[in-house]
Amino acid sequence: MVCLPGLMDQLHCELFGSDSDLASDLDSDVDLDQEPLSPSHQGFSFSAHDGSEDNGWAQIDDMDMDPIFRDIMESVPADDVSSFISSEPLEPQPMHHPYPHIPGLCVHTNVLSHGDQSKLIGQITNRNFFRAGQQNQAMCFGENDLAWIKWIELLLSTSGTLSEPYCSSTWTTRQPLFDQSIMNLYYPGNGIKPHVDLARFEDGIIIISLLSSITMDFYPARAPMKPEDPVEGTYTADRAYTTRSGNDGMDGEQIEKGEEPTKYSVRLEPGSVVTLNGPARYEWEHGIQERIDDVVNGDIVKRKIRVSVTLRKMRPAAWDVGPSDGSINGEADRKLATN
Ligand SMILES: O=C(O)CCC(=O)C(=O)O
Ligand SMILES: [Fe+2]
């Protein structure tokens, strides 16, 4: 694993245990019939949405489990969440939906079968990434720490999700395909502010949706990026993440002028995958509004608990980036969104 202290700090990622332990622990996949991994087997702790600095495993036994999370997770056998996903076919027939207004955006439905979704959720809960529901985001860095999710790459390939014209072969043939992942947990009412993913990630980003559907919105970026931008980023936090949230996508200036911002809404179903390439990755912001329901074809649909997995690849130079303003990324946005 390569993860410099500065970078770790900036992305709220804390290492527990030695690298060698971590690598061997993560070599094999999670056996869903086993007991959840003990804290000593888990290499990382992750930022909590309360912003607390010290999230050491020593505290875990003392944690009060979030009651909503407990109810949901206790009702789900570790290896079967199909009761959450009742409306999908057993054998998925992937469909690919490009969005012509947003070049490089494609939503791929029915990519993960019930079993695939169960396995992925089982892996996530087994690893206690969300610390029993007390935090809403977790991250993994480096190929070793993504070993548990490597099987998804094959699924993406065989489903046609990583094929032209939806995804450019300039990135789908890279090795490794992904070396960074973020798991996000959303309760009804939670969201993520509109953002362009950090410049430190390469082109070619995927978002997997699990457990329930949600509406994601896309807006033209206020500060578009280019692939060759410095890995540190080129824009400031106050420019990138100000008021475009919770008000149907209008920022302060646009509200004053009475202008409607361009916004495209995309429905993300469990088992679906979003691919972001080129303009969709660099020139459009994506976000999820903080609401308890979404309007879908005129109907109000209540939100339920949702988990997403974002997979990306770090730009080589990004591993050397030291600490800077940690607030200019989507990770920090989750913290704001839940406070
Ligand atoms: O949770 C999602 O669906 C989106 C996550 C995201 O945009 C991010 O982590 O950068
Ligand atoms: Fe993002």
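Which residue follows α4, and what is the sign of its phi? Let's work through that one and a few more, keeping in mind that this is a predicted model.

**Exercise 1. Find the residue after α4, then describe the helix itself.**

Step 1. Go to the end of α4: the helix is followed by Asn128, and the phi of Asn128 is positive, near 55°.

Step 2. Now check the length. α4 has 13 residues and spans 18 Å from its first C-alpha to its last, close to the 18 Å expected at 1.5 Å a residue.

Step 3. Ask how covered the helix is. Of the 13 residues in α4, 10 are buried, so this helix is mostly covered. Among them are His114, Lys119, Leu120, Ile121 and Ile124.

**Exercise 2. Track down two more positive phi values and say whether each residue is buried or partly exposed.**

Step 1. Keep the background in mind: most residues other than glycine have a negative phi.

Step 2. Look in the loop between β4 (105-109) and α4 (114-126), where you'll find Asn110. Phi of Asn110 is near 55°, a positive value. Asn110 has 18 C-beta neighbours inside 10 Å, so it counts as partly exposed.

Step 3. Move on to the loop between β8 and β9 (214-220), which holds Leu211. Its phi is positive too, at about 80°. Leu211 has 21 other C-beta atoms within 10 Å; the cut-off for buried is 20 or more, so Leu211 is buried.

**Exercise 3. Locate two cis peptide bonds and place their prolines.**

Step 1. Recall that most peptide bonds are trans.

Step 2. Take the bond between Glu164 and Pro165: it is cis, with omega about 0°. Pro165 sits in the loop between α5 (151-158) and α6 (169-172).

Step 3. Then take Gln175 and Pro176, also joined by a cis peptide bond, with omega about -10°. Pro176 belongs to the loop between α6 and β6 (180-186).

**Exercise 4. Lay out the four-stranded sheet and explain what its edges look like.**

Step 1. Write down the order: β7-β12-β9-β10, an open sheet with antiparallel pairing.

Step 2. Pick out the ends. β7 (192-195) and β10 (264-268) each have a single partner strand, so one side of each has no neighbour in the sheet.

Step 3. Add the twist: neighbouring strands here are turned by 20° against each other on average, ignoring direction.

Step 4. Zoom in on one edge. β7 pairs with β12 (residues 284-288) in the antiparallel sense over two bridges. Here His195 stands opposite His286 in β12.

Step 5. Go to the other edge strand, β10, and pick Val266. Val266 has 17 other C-beta atoms within 10 Å and is partly exposed. Leaving out residues up to four places away in sequence, Val266 touches Val107, Met216 and Phe218. Val266 and His108 are 158 residues apart in sequence, yet 11 Å apart in space, C-alpha to C-alpha.

**Exercise 5. Describe the largest nonpolar core and one of its best-connected residues.**

Step 1. Start with the size: the largest nonpolar core has 54 residues. Those with the most contacts inside it are Met183, Ile206, Ile208, Val273, Val274 and Val307.

Step 2. Find the top contributor. Strand β8 (residues 205-210) gives the most to this core, with five residues.

Step 3. Follow Ile208 outward: beyond residues up to four places away in sequence, Ile208 touches Leu112, Val273, Ser308 and Val309.

Conventions
Residues are numbered from 1 along each chain as its sequence is written. Chains are lettered from A and ligands numbered from 1 in the order in which they are written. This is a predicted model: local features need pLDDT of at least 70, side-chain atom pairs count only at pLDDT 80 or more; totals for chains, interfaces and linings use all residues. Two strands pair if DSSP finds at least two bridges between them. Axes are lines fitted to C-alpha atoms, for helices over the stretch in contact, and angles run from 0 to 180 degrees between N-to-C directions. A residue is buried if 20 or more other C-beta atoms lie within 10 Å of its own, exposed if 12 or fewer, and partly exposed in between; C-beta atoms are placed from the backbone. Two residues are in contact if their C-beta atoms, placed from the backbone, lie within 7 Å. A nonpolar core is a set of buried Ala, Val, Leu, Ile, Met, Phe, Trp, Tyr and Cys residues joined through C-beta atoms within 7 Å. The expected span of a helix is 1.5 Å times one less than its number of residues.
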